[in-house]
Amino acid sequence: MGRTKKMVKEELANRPDNTAFTQQRLPAWQPMLSAGIVIPGFVIIGLAFIGIGVALFVTSQSIQLLELDYTGVEQTSPCFKCSDPNAKNCMCELTFSTDTLFKGPVFFYYGLSNYFQNYRSYGVSKDDDQLSGNLDNFKSPSDTCAPYEYDRNNKPFVPCGAVANSLFNDTFKLYQIVNGAKKVVPLDGKGISWWTDYNIKYRNPAVTPLKNAFNGTVKPLYWSKPAYELDPSDPANNGFINQDFLVWMRRAALPDFRKLYRRITDGDYAEGLPAGNYSLQIAYNYPVLSFEGRKKVVFSNVSWMGGKNEFLGIAYLVIGSLCVVMSVVMLIVYAKFKFPEEE
Amino acid sequence: MGSVASYFGQLCGGEEKKEEERHLRANDRPFNLSYNYANNAIKTSKYNIFSFLPCNLFEQFRRLANAYFLFLMLLQLIPQVSSLSWFTTAVPLILVLSMTAVKDASDDIVSRNCNLKNKYLNNSVLGQKTEKWKNVQVGDIIKLENNQFVTADLLLLSSSEPLNLCVCVCVCVSCTADANLSLSGEVRCEPPNNRLDKFKGTLTLDGQTYSLDNDKVLLRGCTLRNTEWCFGVVVFGGPDTKLMQNSGKTTFKRTSIDHLMNVLVLCIFGFLASMCTVLAIGNGIWEVREGSVFTVFLPRDEGVNAALSSFLSFWSYVIILNTVVPISLYVSVEIIRLGNSFYIDWDRKMYYPKNDTPAQARTTTLNEELGQIKYIFSDKTGTLTQNIMTFNRCSINGKAYGEQLCLYKNYGTERVDFSWNRLADPKFMFHDYSLVETVREGNLEAQAFFRLLALCHTVMPEEKKEGELYYQAQSPDEGALVTAARNFGFVFRSRTPETITAVEMDRSVTYELLAVLDFNNVRKRMSVIVRSPEGKVTLFCKGADTIIFERLHPSCNKLKEITIGHLNEYAGDGLRTLALAYKDLDERYLEDWKQRHHEASTAMEGREERLDELYEEIEKDLLLLGATAVEDKLQDGVPQTIEQLAKADIKIWVLTGDKQETAENIGYSCNMLREEMRDIFVVAANTAEGPSVIKARAGLFWLQRTETVQDEKVDGDYGLVINGHSLAFALEKNLQMELLRTACMCQTVICCRVTPLQKAQVVQLVKKYKQAVTLAIGDGANDVSMIKAAHIGVGISGQEGMQAVLSSDYSFAQFRYLQRLLLVHGRWSYLRMCKFLRYFFYKNFTFTFVHFWYAFFCGFSAQTVYDEWFITLYNLVYTALPVLGLSLFDQDVNDRWSFQYPQLYTPGQLNLYFSKKAFVRCMLHSCYSSLILFFIPWAAIYDTVRDDGKDIADYQSFALLAQTCLLVVMNVQLCLDTDYWTAVNQFFVWGSLAAYFAVTFTMYSNGMFLIFTSSFPFIGTARNSLNQPNVWLTIFLTSLLCILPVVAFRFILIQLRPTINDKVRKEALPAPTPRRPPARRISTRRSGYAFSHSQGYGDLVTSRKFLQRLPLWSRQAPFTQTDSPLAQNQPQHYRTIAEEPEESQSP
C-alpha cells in the first residue's frame, strides 16, 4: 500500500474501536438446558426437598399445641355469660388438662379471628412520631390517626389512632389444679416483643415522671387506664414500651392471628407444664362478637423452625416427590425424542 | 385545556399558510423577506434553550403513559383514595421524565450539529459576501462554482461558458458580473411543489417579460459540472425546494412492536379496570358483611356507605395496581434500542476502510424491526453496482480475449502493462496479454475493432494538459469502451463537428465525420460514417447483438456463430455486451444517401420515420468485427449477500430507473435471475397508452390465472421483470392486487425504468397489503421517496450524494453490510427486545397480581403487600439493570452461526417471539407465579412464630417475606432467560440482589428510622425475620416452585419440538459446507445486450454547440426525457472508467 502508518491512522479516523464490548464479543458463559444438567438437577433437588421436608415435618409434629376458644358463642362455654355486651368486668374460667408433660418453654398466646388488623385505614391509623416519644405529636397528633386524633373536647388522644385504641385488654391467669387447690403458674411478660420495637421504634418521652408528659392529653377511648399506668406492677413497663402494647402494635398480616401473651419459664414450670388439670381465669373485656370474631388462647412450644406449621414440611415433601417424578418423565421424553442426529 | 394544548402545539410545532404564487425580486432582500418565504435552512432541531423545558414536558405528557402517571399522582393526593404515598409514583415519574428529557436534548443537539455540518459549505452571494447556505434567502443571487452542490432551487442567470446552451440566452447576453449587481429582475412563478419536471414562471426585466420553464432552473441536489461558475437567483429555499418537496413527508416511523405495545397497553388498561372493578365489588360486599360490623375498632367516616367505599376502593386499587402498566417500560425500551443502535455504529465489520465510513444508525427507534424484514427493495446503480464499467472481455474475429477464470477475483492473472502507450489511462486494467500482442502485431481485425471503438461514440474529450486526456462520456459504457480503445493504442483525442482526431498506434489520424446515426432505444445501435485520410469511407456500427446480427452480410455467418457462442458466455456471466460491425461505403452511394439524409432531416413531416428508413437502408450487409463485454461492476459480495438474504427467506425486489436490459443483466449477475428459472415474465410496455399496455395487461391476467391455479405455492422459480409504464398501469387500483400476488409468487422481481414516485408506490403497496416489514436500500436522491416509504430505509453512504443517507434510518458504505445489519444486528435486536418485553411484562404482572390476591385477605382495603419503598424501587433499582443487561448483551448464537444459518432469521418475520399470544402466555405465567408468591408465604407464616416464640406473622414481616420471594424469583427467572452470560450480566444480577438486601437493611435500620421516623416504619423487620430458617426455607420453596415448572416445560419443549435456534445452539447440525464458486453459466436464450445510452447526443456532437462544453448537469440522469421526465434533474453521476483501481482487490 505504501502508506505510512500515520497516514493510515488519519485515514481511518472513523474506524470503530476493536474491543470485545463494541464488537459484541464479550466472553460469555452459555449454559443450556441440556439433559445432562436438567434431569440430574431435578433428581438432586427432589431428594434434597424430600430430606428437608421430612426434617420439617418431624419437627413440626414434635411441637405441642393446645388451643382453647373462649369467645363464648356456645351456650355450654363457661364464657357464654360474658358474651353479653352489657356485662361489665366479667370473669370466666376455662379448665383443661394435659395428659403428658407440655415441654417448656411454653408460650402462651391469645388469638383473634376475623379481625382485620391488616385493613388499610386501620393499619395507617397511628402516629410513629408520637410513639417514638416526640412531644410535639402529643399536642397535635398526625392526621393519619383519624378518627382517633382528638376527642370531643378537642384534646389529643395519646397514643392516638385506631390501632392503639383497640388494644387487646383481656387478661389471663393460669392455675394448675393440684389436689383440688389452685397453684399459680407464673407468667413471664418480659421481652415478648421485638427488641427493635422495645428499644428503638417505641420510646417514652424523656419526662419524669412519665405522667407529666401526658398532661393535656386523654387516654384512648377504649382504654380503662392511661398509657402511663398500663402495668402498675412494673413502672418500667408503662407508656409506649409496655410489652403488651408493643405486641399489639405489631399488626398482623392476616385476619386470623395470634399474639404472644406470656411465657411460662419460671419456677416449677421451667421444664414445661406437667400433665394435669389447669384452670385459666379470664377477665373478659374485649368485644369481638359484634363482628363474628373469635378469641382463643394457645399454648405452644417452639422448635428451631418456629411455631407449629405443617405446611412447609408437607410442601417440601410433595414438591420433592414431584421433582423426582418429573425427572423420570423427562428422562423418558429425552430418550424417546432425542434429536435425530441425521437431520 | 384545549387552548393551552393548541398554544403549546403552535409553540412547539408550527403551522404554515398556503401559498398562491411566488413573487420575488432579485437581490432585494427586504422585498422578498416581506413574503416570509422559507429560507434555505432546513430545520431539524426541535427546541431551543428556553423552549426546551415546557415544550419537552408538553411533548412527554402527550404520551399516554406519562399522562396516565401524572393522573395517578394527582389521584394519590386525595386522602380518601390514596393507598400509597405520593413518592411511589412521583419518584419513577420524575426519573423517567428526566431521562427522556436528557435523551431528547442530546438528540436535538446531535441533529443540530449534523445540520451545521451539512450546511457549512460556503457560498458566494453577490455583493462580494460569502454566506452559509442556511442563511441564503429567496431572491438572493448566488455564484456557484464547478463541482459544487446546488442546495437551493435556482433560476440560472449565466455561466462561465460564453454561449449558454440551456440558459435563457436573452437575459444573459448582457449579463456581466457587474451588471448582475444592479439586476432588478422580478420573478413570478408557481408556488413550491413536488413536480421535478415542471417549472412555470415569468421574469420581468427592464419592462420586458420572459417566460421561464424547467430548462432554466437548477434544482437542489444537483452538482454543477462543466462550467467554471454560474450565477442564479434563489427561487425556492430549504423545505420549499423541489427535492425536499419530493422527498415525501417525513413520517415518524414506528416499529410493529411499538404498535403491538400500544394495543397491549390499551388491553392492560382494560384489564386493570376489570381487576379494580372486581376488587371494588369485593370491597362493597365486604363492607356490607364485615366492615359494617367491624366498626367497634374501625368506625366509619361520616357518610361513607358501602357503595361509596367501594367506589373509593376502585380508585385506590387503580393506584396500587398501576404497575401493570409499567412506567419504566418506555424508557427501558428506548435505552435498549439506543444501545443496540450503538452496536451498529461500533461494528467494525460494517466499517468500510476505503472511504473511512462506519455504519450508522441514524434512527435509534427501529432496531428490532431489522430482525423482521420480509421484503427488501433495492436500488441498482450505486447500491448493487459500483457504477463502474470495466471493459472486461471481447471477441474479435471469432477469438475471445480477456479473463476466462475468476470472474470476481482478479488476482492470479497479471495486469497488462500499458506503459508502451504514452496516452494510456493508467487506471485501466486488463488481464489478457495476448490481446495487446495481437493489436501490436498489426492484426487488422483487432485494429479495426479498436478503431471502431475509438470513432463510433459520442464522447467528449478534454485535454487540459498535453497527454492528460479526460473523457466526458454520456454513459459509462461508452466511457469504458473508448478508454479501452485508448489503452490498446487507438486514442480518441479530439473532435470537431466535422472531424475526429485519433492517435492510432502513435500516429495521429484525423477522420472526417460524415454522419452520426444516432442511438435510440428502438434502433438499439449507433453508427458513424467517417472518411479516413486515405479517402476510404466506412460505416462503423455498434449495437445490440440481435439487431446487428440481422444486418450482417451473409459472408459473416460462420463468424457469427462463433461470436454468438462467446456472447452467450458473456451473457451468462452477466456482462453487458455489444456487437461491433463495419461496412465500407461507396463514395457515390454515400453522396446520394447524404442528399436524401439532408432532405429527410429538414423535412417538416414524418422526419423521424424517414430518417429511420434511411438508417435502415445504409446499415445493412455489415461485416462483423466482434463483440465487447463490459462488466457493470457489482459491489463486493453482492451475490453472496443476496443468496444469504434469500436463504433467510427475505424477498429482494430491485427497483431501478435503468433500462430493462441493464436491470436484467444485473439480475443475472447477482444470481437473482437464473437460467434454470421456470420462466421469467417480462412485462414491458413502451408507452403509457396503446396496445402494448393491453398486451401487458393480458400478460398480467395470464399470470393471474397461473396463480389462481397453483395458489400461493408455485413449483419452480419464476422471475418477474416489469417496466415503469406497465407498472404505472398495474399500480392502478383494480390491478394492483394482481400485481402484488403475481410478484409475491416470483422469486425475483425487477422493476426497471421506474420513477422515484413509483418506487415509493411499490413499497407502499407491499407494505399495505402484505402486512410485512419492508426495507428499502438506495444511494441516490431518487431513492429518497422509497427509503422514506419503507418501514426501514437504508442509505449507502460514502458516495457523492448524501440525500439518501440523510433521509435514511441506517446507513453504511457497502451493500454487503446489509446481511450483517439484518442477520446479526437485526436478529439480536429483535430477540433482545422480545425477551425484554416478555420478561418485563412478566415481572410487573407478577408483582401486581400478588396485591390482587392479598385483597381477599385484607377486606379489599387496598392494603399493599409490599413496603412502599419496595414498590418505588422495584422497577427502577432492583430489577432495572439485570433486564437491561439481558437486553443489551444476550445472544442466542453468535454472529458466525447467524451467518451460517440464515434460517435463524425467520422467527422474526413470523413474529414468533413477541405477539399477543406470547403476551397472554406471559400473563398466565405471571398468574401462576403470583399465586405461588402469595400463597406459599401466606401458608408458611400462617399462625406461626419465630423460634423464640415472638411474632413473625405480622404485616411487616410478611411484606418483607413476600417481596424477597418476588425479587429472588424474578432474578432466577431472568437467569433462566439469559442465554449469554457475560461478566456484566453476572454483575447486574448479583449486584441487584446484593443491592436489594443492602438497601433493605439500610432502610430498616435504626439510623434511618431515627432521622425519618414516619418514612421508614419498617425498622427492624429485616433483622428480625431474615434470621429465621423458616423464612429462608419459604423463599427457597417459592423460588423453586416458580422456576422448576418453567425449566421442565422448556426442557420438554426442546426435546419434542426443537426450534432451529435450539438445534444450532446444540450445534447438532453439521457444519455448513464451504461455499462453492458459482458454476459457470452459459446463457442460451437471452442477449446480454445492455447499453445505458440515450438519444440525442449524436446531434449534439455534430452541432457546433458542443464547443461550449455542454453543461451536463441536467442531462446526467439515466432517464431520458421521454421515459421519465420526473427524474431529469436527479443528481446521478457516472464516474469515468476505473476510477478506483484498487476497488477490485478489496477483500
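In the predicted model, C145(A) is buried, its relative accessible area being 0%. Its partner, C160(A), also counts as buried, at 1% relative accessibility. The two cysteines form a disulfide in which the sulfur atoms are 1.9 Å apart. C145(A) and C160(A) each lie in the loop between helix 5 (136–139) and helix 6 (162–165) of chain A, so this disulfide ties together parts that are 15 residues apart in sequence.

The count of disulfides over all chains comes to three. One of them joins C79(A) to C92(A), with an S to S distance of 2.0 Å. C79(A) is placed in the loop between strand 2 (65–69) and strand 3 of chain A, whereas C92(A) belongs to strand 3 itself, so the pair connects parts 13 residues apart in sequence. The torsion about the S-S bond of C79(A) and C92(A) is about 80°, and the disulfide is therefore right-handed. Both C79(A) and C92(A) are buried.

A further disulfide links C82(A) with C90(A), at an S to S distance of 1.7 Å. Here the torsion about the S-S bond is about -70°, so the disulfide of C82(A) and C90(A) is left-handed. C82(A) has a relative accessible area of 4% and is buried; C90(A), with a relative accessible area of 9%, is buried as well. When the bonded cysteines of chain A are numbered in sequence order, the pairing reads 1-4, 2-3, 5-6.

In chain B, C751(B) is in no disulfide, and the nearest cysteine sulfur, that of C752(B), lies 7.4 Å away. A disulfide requires sulfur atoms within 2.5 Å. C751(B) is buried, with a relative accessible area of 2%. C927(B) is likewise in no disulfide; for C927(B) the nearest cysteine sulfur is that of C1042(B), at 12 Å. With a relative accessible area of 26%, C927(B) is partly exposed, since the buried class is limited to values under 20% and the exposed class to values over 50%.

Chain A contains an open sheet of four strands in the order 3-10-6-7, with antiparallel pairing. Its edge strands are strand 3 (90–98) and strand 7 (181–184) of chain A, each of which pairs on one side only. From one strand to the next, the twist averages 35°. The edge strand 3 of chain A is also the strand that holds C92(A) of the disulfide described above. At the other edge, strand 7 of chain A pairs with strand 6 (residues 171–178) of chain A in the antiparallel sense over four bridges. Within this part of the sheet, Y175(A) has V184(A) in strand 7 of chain A as its bridge partner.

Elsewhere in chain A, D197(A) is located in helix 7 (residues 195–201). D197(A) has a relative accessible area of 2% and is therefore buried. Leaving aside residues up to four places away in sequence, D197(A) touches Y202(A), L246(A) and R250(A).

Two helix pairs of chain B were examined. Helix 3 (residues 49–62) of chain B and helix 4 (residues 64–76) of chain B pack at an angle of about 95°, and their axes are 5 Å apart. Helix 3 of chain B is thus roughly perpendicular to helix 4 of chain B. On the side of helix 3 of chain B the contact involves Q60(B), F61(B) and R62(B), which meet L64(B), N66(B), A67(B) and L70(B) of helix 4 of chain B. By class, this contact of helix 3 with helix 4 of chain B has four nonpolar, two polar and one charged residues.

Helix 9 (residues 256–291) of chain B packs with helix 27 (residues 817–855) of chain B at an angle of about 5°, their axes 12 Å apart. Helix 9 of chain B is accordingly roughly parallel to helix 27 of chain B. Helix 9 of chain B contributes I257(B), M261(B), L264(B), I268(B), F271(B), M275(B), V278(B) and L279(B) to the contact, and helix 27 of chain B contributes Y830(B), M833(B), C834(B), L837(B), F841(B), F845(B), F849(B), F852(B) and A855(B). The residues of the contact between helix 9 and helix 27 of chain B divide into 17 nonpolar, no polar and no charged.

Technical notes
Residues are numbered from 1 along each chain as its sequence is written. Chains are lettered from A and ligands numbered from 1 in the order in which they are written. This is a predicted model: local features need pLDDT of at least 70, side-chain atom pairs count only at pLDDT 80 or more; totals for chains, interfaces and linings use all residues. Side-chain values use heavy atoms; hydrogens and water are left out. Two strands pair if DSSP finds at least two bridges between them. Axes are lines fitted to C-alpha atoms, for helices over the stretch in contact, and angles run from 0 to 180 degrees between N-to-C directions. Buried means under 20% relative accessible area, exposed over 50%, partly exposed in between (1.4 Å probe, protein chains only). Angles under 35 degrees count as roughly parallel, over 145 as roughly antiparallel, 65 to 115 as roughly perpendicular and the rest as oblique. Contact means heavy atoms within 4.5 Å. Ala, Val, Leu, Ile, Met, Phe, Trp, Tyr, Cys and Pro count as nonpolar, Asp, Glu, Lys and Arg as charged, and the others, Gly among them, as polar.
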